[in-house]
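Here are a few notes for someone opening this one for the first time. Have a look around, then read on.

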Amino acid sequence: MRPTRENLAEPENKPKGLRAVIVAALGASTLEWYDFYIYGTAAALVFNKVFFPSVNPALGTLAAFATFGVGFLFRPLGGLIFGHFGDTLGRKKLLVIAMMVMGISTFLIGVLPTYSTVGILAPILLVVLRAAQGLAVGGQYGGAMLLVTENAPANRRGYYGSFSHIGPSLAVILSNVVFLVVVAAVSSDALIGWAWRIPFLLSVFVVAAGIYMQLKIEDTAEFRELQERRVAEQGGQQVQRRSPVIEALRTHPREILQAGGMILIIQVYYYVLIVFTISYATSHDISRTTALVAVLLSSLATVVSIPIFAALSDKSGRKTVLVWSAIATTASAFPFVLLLGTGSVPLLVLAVVVPGVTLGALYGPMAAFYYEMFSAEVRYSGASIGYQLGAVLGGGFSPFIATGLLEATGSLLSVGAFITVAGLLSIWAIASVSTSSRRTSTEVSQAT
């Protein structure tokens, strides 16, 4: 969206404390997603042997990926719960709660007994804790994204909002570095026996970061202004209103579906990149270390491209950048699988780095785009529901689906077709968003 008279009227200088807010949101999303992603790396490397040793390796991998997907099934529920309270109690408070739930549940995974110790109870407990992770990350997104976008000047909202999206890619890098160190430091038997627990036990830092945020960071100025208006409208008394979740579903159903569709290709492709690729590569004579480094480089490319294209969207318009980025991402799907299938390490790196760049270009402007799609009263709910809808439909079971397609067809081309279909749906969703239906923060304030 090009600058309008309304958003140009807002100050161009960074609001007081914005740098601290950006660091807090970036740290929160990085640590939260680190916890979520180390599960995927562990599922690709060791969980089939630790929690599903009684089945053959292929079925064990499918079972491990299925438990990975459980977290995504609970993400929409997390979006609903945290969205409701985030729109009534505040962005920061619910973000801190989400971090606490994530940190504790991830730490508990690190101390779980294995199948060889307690039998079937081990994978059951694993699924329960993975569900808790899903609830937490489902609530985290809206809080981190709004903490930045609601504090940012309108003419640079894309750039500043992108920092909430850099966190997940940094988390992939962090989780892969941790596993690289662990893999390099211990034998394969030790990795399966006990060393896989180390990355999960490090989640105590997520809890510490949540406590820091609670003590040091204020809620967004826009939310505080909204609360003040609500009190003023009721003569100084705050009266219970309709649930923000219900209000979002009633007033923004089209936008919620569009938000879910927009994120679909990112969810499908990203988890194929960071989870399925590791599993496929390591089962085709490529070492764990090499596979992890390749995914790390892909995520590094995403980290670099996110703020660049987000800043471009502040000047050229969000929709223009998003549509072309979605087209480029979709077009890379078949080259990705063809290069992956060569077994060549340099071509493997090329295969994952190119979509890493295009996914960053697509992901970068999306925080500001979501901000502008929803009114302030239901923004946490609307953005969270839409985002998590796309996540559960696209991301949660994409490694499982990709593995199943490969087993059924014997060809990686089926995986490329899967990614392409998701890409076409996302292109349609982005193109269907009417620019005139999106509002600036000034317009929202006037409407309320």
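1. Which residues are linked in a network of salt bridges? Asp87, Arg91, Glu150 and Arg379 are. Keep in mind as you go that this is a predicted model. Seven salt bridges turn up in the structure, and the next few points walk through some of them. As general background, side chains of opposite charge can pair when their charged atoms come close.

2. Start with a pair inside that network. Arg379 and Glu150 meet through their side chains in a salt bridge, 3.0 Å from N to O. This pair links distant parts of the chain: Arg379 is in helix H23 (residues 379–395), while Glu150 is in the loop between H8 and helix H9 (157–161), and the two are 229 residues apart. Arg379 counts as buried because its relative accessibility is 0%. Glu150 is buried too, since its relative accessible area is 5%, and the cut-off for buried is under 20%.

3. Now find Glu372, which has two arginine partners to look at. With Arg157, the side chains meet in a salt bridge at 3.9 Å, N to O. Arg157 lies in helix H9 and Glu372 in helix H22 (residues 366–373), so this bridge ties together parts that are 215 residues apart in sequence. Arg157 is buried, with a relative accessible area of 1%, and for Glu372 the relative accessible area is 1% as well, so Glu372 is buried.

4. The other partner is Arg318. Its salt bridge with Glu372 has the closest N and O atoms 3.0 Å apart. Arg318 sits in helix H19 (residues 318–331) and Glu372 in helix H22, so the pair ties together parts that are 54 residues apart in sequence. Arg318 counts as buried, because its relative accessibility is 2%.

5. Next, trace helix H8 (residues 121–149). How far apart are the end C-alpha atoms of H8? They are 43 Å apart, which agrees with the 42 Å that its 29 residues should span at 1.5 Å a residue. H8 does bend, by about 25 degrees at Gln140. Is H8 largely enclosed by the rest of the structure or largely open? Largely enclosed, because 23 of its 29 residues are buried.

6. Turn to the surface for a nonpolar patch. Ile104, Phe107, Leu108, Val111, Trp194, Ile198, Leu201, Leu202, Val204 and Phe205 form it, with about 860 Å² of accessible area together. Helix H6 (91–110), helix H12 (198–201) and helix H13 (204–216) each supply at least two of its residues. The largest share, three residues, comes from H6. Take Ile104, which lies in helix H6: Ile104 is partly exposed, because its relative accessible area is 48%, and partly exposed runs between 20% and 50%.

7. One last spot to check by eye is Asp285. It is found in the loop between helix H17 (264–282) and helix H18 (288–316). Its phi is near 65 degrees, a positive value in a residue other than glycine. For context, most residues other than glycine have a negative phi. Is Asp285 buried or exposed? Asp285 counts as exposed, because its relative accessibility is 80%, and the cut-off for exposed is over 50%.

Methods. Residues are numbered from 1 along each chain as its sequence is written. This is a predicted model: local features need pLDDT of at least 70, side-chain atom pairs count only at pLDDT 80 or more; totals for chains, interfaces and linings use all residues. Side-chain values use heavy atoms; hydrogens and water are left out. Patches are made of residues with over 30% relative accessible area and no salt bridge: like charges are joined within 9 Å, nonpolar side chains (Val, Leu, Ile, Met, Phe, Trp, Tyr) within 5 Å. Accessible areas come from the Shrake-Rupley method with a 1.4 Å probe; for residues, only the protein chains shown count as cover. A salt bridge is a side-chain nitrogen of Lys or Arg within 4 Å of a carboxyl oxygen of Asp or Glu. Helices (H or I, at least four residues) and strands (E, at least two) are DSSP runs, numbered from the N terminus. Buried means under 20% relative accessible area, exposed over 50%, partly exposed in between (1.4 Å probe, protein chains only). The expected span of a helix is 1.5 Å times one less than its number of residues. The bend at a residue is the angle between axes fitted to the seven residues ending there and the seven starting there.
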